[in-house]
Amino acid sequence: MQSFEWVDAESVEQAVSLLGEGNERTPVVAKAGGMDLLDLMKTGVVSPRRVVNLKTIKGLDGVRFEAKQGLELGALVTLARVSREPEVRRRFVALADAAEHAATPQVRNAATLGGNLLQRPRCWYFRNEYFHQVGGNELERVRAGENQYHAIFDNQRTAMVHASTPATALVAYGASVELSGPGGKTRVVPVSDFLLPPDMKRPRDTVIAPDEVLTRVRIPVPGAGTKAAYHKQGERESYDWPICDVAVVLQMDGQVVRQAAIALGWVAPTPRRAAEAEKLLVGKKLDEELARQAAKAAVSGATPLSKNAYKVPILEAVIRRTVVAASKA
């Protein structure tokens, strides 16, 4: 690991100013929990000249729910707190469960929600310094090599998948992020637009600017009759990266679905909405057979690679089970 300058930021404004002093050759990066950044620095994938510590900024670790505005989570709220916060667990159970199933207890107690959304892909080609040095086409390597954990949708340009589990639930809930930039200006971006397909040639996989700080995550108030569920499927019950994860948010009128959001994670470069499955559910009485049809519709457009076709039936089963679980929540 190369040497670097460490700065404890005292305010968002100071952090924005410090980040704005970096450039492509001498980057300045922000650290929240640091779980991902330190890994990238140790492997030589990232070599910043300065690290700006955001954990010293007061006021970015709050949780607030208002009946009209919805839920507001500070970017520095840990995943552990998200998973057990009463308002989150009561009103946004899919997000609470997604946070609870991320990584390990040790990681969840240090990792922040904002940092989790900003982390880079867990692709083993991306995480190897050698592949960044030699250049070339990442997709060609993945297609010809070990691709069993890569994307089965939208994989024409990249097969890397986004690494955040809370992102899957946030997309299903229609959440947005607040970004603070120079001059005190802020902008709000839907999470579905915030995340970009991973790219080895970019310094980040979101629309955040180099001189912006992610300060808050906002989720609108769920409509009447909203039910939700989340499921993460790995190869083992202990800590493991997901094969896939699914978040389902349904607005129900009795047993009839009025609105549906089905988000699929770890199967595409960014969390993917299963639009055809959602359309199939709306206006119908939800039962096991309808959930089965929706799951089949959700995976119908999959384009698996040479070693990850096994993901398709697993994802189909997880979607079916999660839809049924949401309807019974």
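# Helix contacts, loops and buried residues

Student: In this predicted model, which residues of α14 are met by residues of α13?

Tutor: Begin with the side of the contact that belongs to α13, where Glu 288, Ala 291, Arg 292, Ala 295, Lys 296, Ala 298 and Val 299 take part. These residues of α13 meet a set in α14 that is made up of Val 312, Leu 315, Glu 316, Ile 319, Arg 320, Val 323 and Val 324.

Student: How many residues in the contact of α13 with α14 are nonpolar?

Tutor: The residues of this contact can be sorted by class, and the sorting gives five charged residues and no polar ones. Among the charged residues that take part are Glu 288 and Arg 292 in α13, while Glu 316 and Arg 320 stand on the α14 side. The count for the remaining class, the nonpolar residues, is nine.

Student: Which word describes how α13 and α14 lie to each other, oblique or roughly antiparallel?

Tutor: Helix α13 covers residues 288-299 and helix α14 covers residues 311-327, and their axes are 8 Å apart. The angle at which they pack is about 140°, and the crossing is right-handed. Because an angle has to be over 145 degrees to count as roughly antiparallel, the word for α13 and α14 is oblique.

Student: Is Trp 266, in the loop between β11 and β12, buried or partly exposed?

Tutor: The loop that holds Trp 266 runs between β11 (256-265) and β12 (272-273), and this residue has a positive phi of about 65° although it is not a glycine. Its relative accessibility is 6%, and since a residue under 20% is counted as buried, Trp 266 is buried.

Student: Where is Asp 154, another residue for which a positive phi is given, placed in the chain?

Tutor: Asp 154 is not a glycine, yet its phi is near 50°. With a relative accessibility of 41%, Asp 154 counts as partly exposed. Its place is in the loop between α9 (138-144) and α10 (166-172).

Student: Which residues are in contact with Tyr 149 once its neighbours within four places in sequence are left aside?

Tutor: Tyr 149 also has its place in the loop between α9 and α10, and at 28% relative accessibility it counts as partly exposed. Its C-alpha atom is separated by 23 Å from that of Ala 277, which is 128 residues away along the chain. The residues in contact with Tyr 149 are Trp 124, Val 161, Glu 235, Tyr 310 and Lys 311.

Student: How many residues of α5, the helix in which Ala 94 is found, are buried?

Tutor: Ala 94 itself has 0% relative accessibility and therefore counts as buried, and its contacts beyond four places in sequence are Ala 169, Tyr 173, Ala 228, Ala 229 and Tyr 230. The buried residues of α5 are Ala 94, Leu 95, Ala 96, Asp 97, Ala 98 and Ala 99. The helix is thus mostly covered, and out of its eight residues the number buried is six.

Student: Within what arc do the buried residues of α1 fall when they are seen down the helix axis?

Tutor: Helix α1, residues 12-19, has Val 12, Ala 15, Val 16, Leu 18 and Leu 19 as its buried residues. They line one face of the helix, because, seen down the axis, they fall within an arc of 165°.

Conventions:
Residues numbered from 1 in each chain as written. Predicted model: local features only at pLDDT ≥ 70, side-chain atom pairs only at ≥ 80, totals over all residues. Heavy atoms only, no water. Axes fitted to C-alpha atoms, helices over the stretch in contact; angles between N-to-C directions. Helix = DSSP H or I, 4+ residues; strand = E, 2+ residues; numbered from the N terminus. Parallel < 35°, antiparallel > 145°, perpendicular 65-115°, else oblique. Left-handed = near helix turned anticlockwise from the far one by under 90°. Contact = heavy atoms within 4.5 Å. Nonpolar A, V, L, I, M, F, W, Y, C, P; charged D, E, K, R; others polar. Buried < 20%, exposed > 50% of the residue type's maximum accessible area, 1.4 Å probe, protein only. Arc of directions from axis to C-beta.
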